[in-house]
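Biologist: Before we discuss this protein, I should like to see it. Please show me the sequence and the structure, and then I shall ask how each description is justified.

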Amino acid sequence: MARLPPARPAPEQGDTARSRLLGGVRLFVLSSLLLAGVGAIGRVIGWVALTTTLGPTAYLLLAHPESIQARLRSAVTAHVLAVAVGLGCLAGFGLWNHPSIAAQRHDMVRQIGAQALAVGLTLLLLHVCRAHHPPAAATALLITSGVSRPGPPLYGMLTGLALALAVAPLLASATSRRSTPRKRD
């Protein structure tokens, strides 16, 4: 019996190479502006506001603003839960004042335990609270690894998240095809 080639998914309406390129350029410009702005503000206030949790958060908010993962409620709730869990795991594992894994250039068993538990608890809470926003797991990991430890590193990360959560939806809605007025016949 001859095998048939796998079925290709039907292209979305208006999905052409040109529209994909234009959408990609839009994401490039918006994400670059957003993250450069967050980084610049962090520099002005003396905190590192541009952390790894912002990349996937920006992607969801700019590329998929209609998805449940990009809803403001989901994003804010998820990051708040991740921060609480991350700080709780730091305290619970006695790592509050411990150097970060970046400073040590390795991690300890306690740090690995705190990181694994923080991500697991964060995912559990996101599911239970219906706050589906995957980048929050990175927030929990940044805190428990000590990279965004309590103090200025944490304040910077929180500032960056607040800026991204406030500005990205505005950028997405201002540049989406839906916000462009339609021609009337």
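Modeller: Let us begin with the contacts: among those between residues at least 6 apart in sequence, 72% join residues at least 24 apart. Please note that this is a predicted model.

Biologist: What makes up the secondary structure of the protein chain?

Modeller: The protein chain has seven helices and zero strands, and its pattern along the sequence reads α-α-α-α-α-α-α. Buried residues account for 34% of its 185 residues.

Biologist: How confident is the predictor in the protein chain?

Modeller: The mean pLDDT is 84, and 86% of the residues reach 70 or more. Residues 179–185, however, have a pLDDT below 50, and this stretch has two contacts in the model beyond near neighbours in sequence. Where pLDDT is low, the predicted coordinates should not be read in detail.

Biologist: Why are Trp47 and Tyr155 called an aromatic pair, and why is the pair called tilted?

Modeller: Their ring centres are 5.5 Å apart, and the limit for a pair is 6.5 Å. The planes stand at 55°; because this angle is neither under 30 degrees, as for stacked rings, nor over 60, as for edge-to-face rings, the pair is tilted. A search of the whole structure finds one such pair.

Biologist: What parts of the chain does the pair link?

Modeller: Trp47 belongs to the loop between α1 (17–45) and α2 (54–63), whereas Tyr155 belongs to helix α7 (residues 152–175), 108 residues apart.

Biologist: Are Trp47 and Tyr155 buried or exposed?

Modeller: Neither term applies: Trp47 has 30% relative accessibility and Tyr155 has 42%. Buried requires under 20% and exposed over 50%, so both residues count as partly exposed.

Biologist: Val48 lies in the loop between α1 and α2. Why is Val48 called exposed?

Modeller: Its relative accessibility is 58%, and the threshold is over 50%, so Val48 counts as exposed. Val48 nevertheless touches Pro153, Gly156 and Met157, leaving out residues up to four places away in sequence.

Biologist: How do you know that α6 is largely enclosed by the rest of the structure?

Modeller: Eight of the 10 residues of α6 are buried, so the description follows. Among them are Pro135, Leu142 and Ile143. The buried residues of α6 pack against α2, α3, α5 and α7.

Biologist: Which residues does Ile143 contact, its neighbours within four places in sequence aside?

Modeller: Ile143 is in contact with Ala82, Val83, Gly86, Leu87, Leu90, Ser148, Leu154 and Met157.

Biologist: Which residues touch the most other members of the largest nonpolar core?

Modeller: Of its 33 residues, these are Leu34, Leu62, Leu126, Ile143 and Met157. The helices α1, α2, α3 (72–92), α5 (109–128), α6 (135–144) and α7 each supply at least two residues of this core. The most come from α3, with eight residues.

Biologist: Why are α3 and α7 called roughly antiparallel?

Modeller: Their axes come within 11 Å and cross at roughly 170°. Angles over 145 degrees count as roughly antiparallel, so α3 and α7 qualify. On the α3 side the contact is made by Leu72, Ala75, Val76, His79, Val83 and Leu87, and on the α7 side by Leu154, Met157, Leu158, Leu161 and Leu165.

Conventions:
Residues numbered from 1 in each chain as written. Predicted model: local features only at pLDDT ≥ 70, side-chain atom pairs only at ≥ 80, totals over all residues. Heavy atoms only, no water. Phe/Tyr/Trp six-rings, centres within 6.5 Å; stacked < 30°, edge-to-face > 60°. Helix = DSSP H or I, 4+ residues; strand = E, 2+ residues; numbered from the N terminus. Buried < 20%, exposed > 50% of the residue type's maximum accessible area, 1.4 Å probe, protein only. pLDDT = per-residue confidence, 0-100. Contact = heavy atoms within 4.5 Å. Core = buried A, V, L, I, M, F, W, Y, C linked by side-chain atoms within 4.5 Å. Axes fitted to C-alpha atoms, helices over the stretch in contact; angles between N-to-C directions. Parallel < 35°, antiparallel > 145°, perpendicular 65-115°, else oblique.
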